[in-house]
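Open your viewer and keep the selection box ready. We will go stop by stop, and each stop tells you what to pick next.

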Amino acid sequence: MGVELFTDIASQYNYLGVVILMMIGLYAMIAKNNLVKKIIGMNIFQTAIILFYVSTGAKRGATIPIIQHGHNGHGHEVIHAAEYINPLPHVLMLTAIVVSVATLGVALALAIKVYHQYGTLEEDEIRGRLRE
Amino acid sequence: MIWELDFIILTLVIFSGIAAITVKDLLSAAILFGAYSFMMCLLWAIMGAVDVAFTEATVGAGVSTVFFVAAVFHTTRNSKD
Amino acid sequence: MRVIGLLIVIAFGSLLRYGVFFFPEWGDPASPASLHVSPHYIEEATAETAVPNLVTAVLADYRGYDTMFETTVIFAAGLACFMLLRVLQRQVPECRLYRHIPTGITLRIEKGGKLPTESGSFERIDANWVPHDLIIKTTARFITPFLQIFALYVIAHGHHSPGGGFQGGVILGAAIIMFAISYDLRRSIQRIGEQATAVLGSAGVLIYAGTGVLCMVLGADFLNYSALAGLMGVDPVMARSHSMLIVEIGVGVAVSAVMVWIYYNLSSAGRHDEGL
C-alpha cells in the first residue's frame, strides 16, 4: 500500500510539473508586453508539450530503443516489446522540435522588421503608434 | 529511469523557465533560455529518449541561442517588463 | 491584460490537472500508448529493415512521408526569413572603418573617399571590433575540422547509434556559424555564399522526394524502398537500409544549408555586410 501510494504521487508530480510549465509558457504569451518575451514563452510552451509526450512513452525497467545484439545485421533472437522504451513518441517529437526551431527563426525575423518600422518592441507602444 | 534525479531536474527546469521570462535584460533572458534548454535535454536523457535529447542539445543550446542573441543585437536590449 | 492572463491560465491549468488525474501510471508497460502499433515496430523493425536504431527506422522508413514534409517546412522557414529581411539593393555605407595592421591606427573613410587597396597591411573592420581576439580565432580554427567530421559521422552512423540526418545537419550548420562569428561575416560569405545555401537547401528536399519518385517509377508505391532492390543489387531488406541512408543525407544537407541561411539573414538584418 505504501509503494502504490508513492508511485501514484510520483507519477502525478511528473504530470503536474509539465502542466505548470505549460501554464508558464501560456502566461508569458498572453500577459507580457515585450515581443521577445512572448517568443520565449512560445518556445517554453512547445518544449513542455514535447516533455509531456515523451514521458508517456517511458517504461519502468526498460532500456533505450536501440536493439542490442542487432549490430551484425542478423539478430535472430526473439525481441520482447516490454524490454524497450516505446519509440513512437520520440519520432513524432523529433518533427516537433524541428518545426519549433523553424518557427523561432521566422518569429525573430518578424520582430526585427517590427522594430525597424516602429522603433520599439513593447506591444502597447506599438499599438499607440499604429493609430497615428 | 531514476526518479529522484527526475524530480530535482524538473524543479530546476520550472525555476529557470520562470526566470527566463522575468528578467528585464533581454540578453540575460536569451542565455537563461539556453540553460532551460540544456536542462530539458537532461530530463529527456533520464527518461531514455536519447535521440530527442541529442536533437534538443544541438538545436536548443546551439542554434536557437545564437538566433536569439542575433535578434537582440539588432533590436534593443532593455525591456520595460 | 495580466488579470485576464492569470484567469485564463488558472482555468486551463485546472482543466488540464483534472484531465491528468485519470492517466495510467507513469512507466507502466501496459499503458495504451505502448500497445497498438508500437510492439510491432519494436519486434519487427530490425528483421524488416536491418537497422538497430528503432527511432531512425521508424522516422525514415515507416513514417518517411512525415519526414519529407518536415524537411520541406525547414526549407520554407529559410525562404520566409529571406523574403522578410533581405535588402537586395546595395546601399553604400555612410563611413567605412579600416585598420592599419602594423601600427594599429584606425582609419575612418567617409562616403565618396578613396578606399585603400586590399593589400596585406589594411583590413576592414566592423563598427564593434574588439581587440585581443587571437584566442577565439585560434580555437575556432582548431575545432572546426573536428566538428565537421563529427557531424558527418553522426549522419552516417545514425543506423546504429543515436543520431541521424537532422542532428548531423544542425552540427554542420553550427560549425559554419562558429566560423562566421569568430572571424567575419564577409569572410564566411566569400566561402559559402548565399546562393550556395539556397541551392543546397532545395537540393536536400529534392534528394528526398526524388528517392520517392524513383520508387514510384520502378513500379511500387511512393517511398516504398524495397522497389530499389533491383537497382542496387541487394535483397529488399538491405535496400531499405541503404535508401534510409540516402534520405538521411538529403535531410542533413537541407538542414545545414538552411541553418546557415537563416543565420546570415538574422545576424545582419538582411544587408549581409556586417555581422554579430
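## Stop 1: chain B

Select chain B. Of its 81 residues, 52% count as buried. A residue is buried if 20 or more other C-beta atoms lie within 10 Å of its own, exposed if 12 or fewer, and partly exposed in between, with C-beta atoms placed from the backbone. This is a predicted model, in which local features need pLDDT of at least 70 and side-chain atom pairs count only at pLDDT 80 or more, while totals for chains, interfaces and linings use all residues. Residues are numbered from 1 along each chain as its sequence is written, and chains are lettered from A and ligands numbered from 1 in the order in which they are written.

Now colour chain B by secondary structure. Three helices and zero strands appear. Helices (H or I, at least four residues) and strands (E, at least two) are DSSP runs, numbered from the N terminus. The C-alpha trace of chain B spans about 45 × 20 × 10 Å along its principal axes.

Two residues are in contact if their C-beta atoms, placed from the backbone, lie within 7 Å. Take the contacts in chain B between residues at least 6 apart in sequence: 57% of them join residues at least 24 apart.

## Stop 2: chain C

Switch to chain C. Here you find ten helices and three strands. Walk along the sequence and you meet α-α-α-α-β-β-β-α-α-α-α-α-α. Of the 276 residues in chain C, 34% are buried.

Zoom out. The C-alpha trace of chain C spans about 75 × 65 × 35 Å along its principal axes. Its radius of gyration is 25 Å, whereas a compact globule of 276 residues would have one near 19 Å. That radius is taken over C-alpha atoms, and the globule rule is 2.2 Å times the number of residues to the power 0.38.

## Stop 3: the sheet of chain C

Select strand 1 (residues 95–100) of chain C. Add strand 2 (106–110) and strand 3 (122–125) of chain C. In what order do the three strands lie in the sheet? The order is 2-1-3, in an open sheet with antiparallel pairing. Strands pair if DSSP finds at least two bridges between them. Strands 2 and 3 of chain C stand at the edges with a single partner strand each, so one side of each is left without a neighbour in the sheet. Neighbouring strands are turned by 35° against each other on average, direction ignored. The axes behind that angle are lines fitted to C-alpha atoms, for helices over the stretch in contact, and angles run from 0 to 180 degrees between N-to-C directions.

Now look at single pairs:

- Strands 1 and 2 of chain C share five bridges; Cys95(C) has Glu110(C) as its bridge partner.
- Strands 1 and 3 of chain C share four bridges; Leu97(C) is partnered by Ile125(C), and Arg99(C) by Glu123(C).
- Strands 1 and 2 of chain C form a hairpin with five residues between them, and Gly104(C) in the turn has a positive phi of about 85°.

## Stop 4: where chain C meets chain A

Show chains A and C together. On each side, 47 residues are in contact with the other chain. Helices 1, 2, 3, 4 and 10 of chain C each supply at least two residues to its side. That side holds 31 nonpolar, nine polar and seven charged residues. Ala, Val, Leu, Ile, Met, Phe, Trp, Tyr, Cys and Pro count as nonpolar, Asp, Glu, Lys and Arg as charged, and the others, Gly among them, as polar.

Select helix 3 (54–62) of chain C. Eight of its nine residues are buried, including Leu54(C), Val58(C) and Asp61(C). Its cover includes helix 3 (88–118) of chain A and helix 3 (50–74) of chain B.

## Stop 5: where chain C meets chain B

Bring chain B back. The contact takes 18 residues from chain C and 15 from chain B. On the chain C side, helix 6 (165–182) and helix 10 each give two or more residues, and helix 6 gives the most, seven. The classes there are twelve nonpolar, six polar and no charged.

## Stop 6: the core

Finish with Ala71(B) and Val258(C). In the largest nonpolar core, of 118 residues, these two touch the most other members. A nonpolar core is a set of buried Ala, Val, Leu, Ile, Met, Phe, Trp, Tyr and Cys residues joined through C-beta atoms within 7 Å. Helix 10 of chain C gives this core its largest share, 15 residues.
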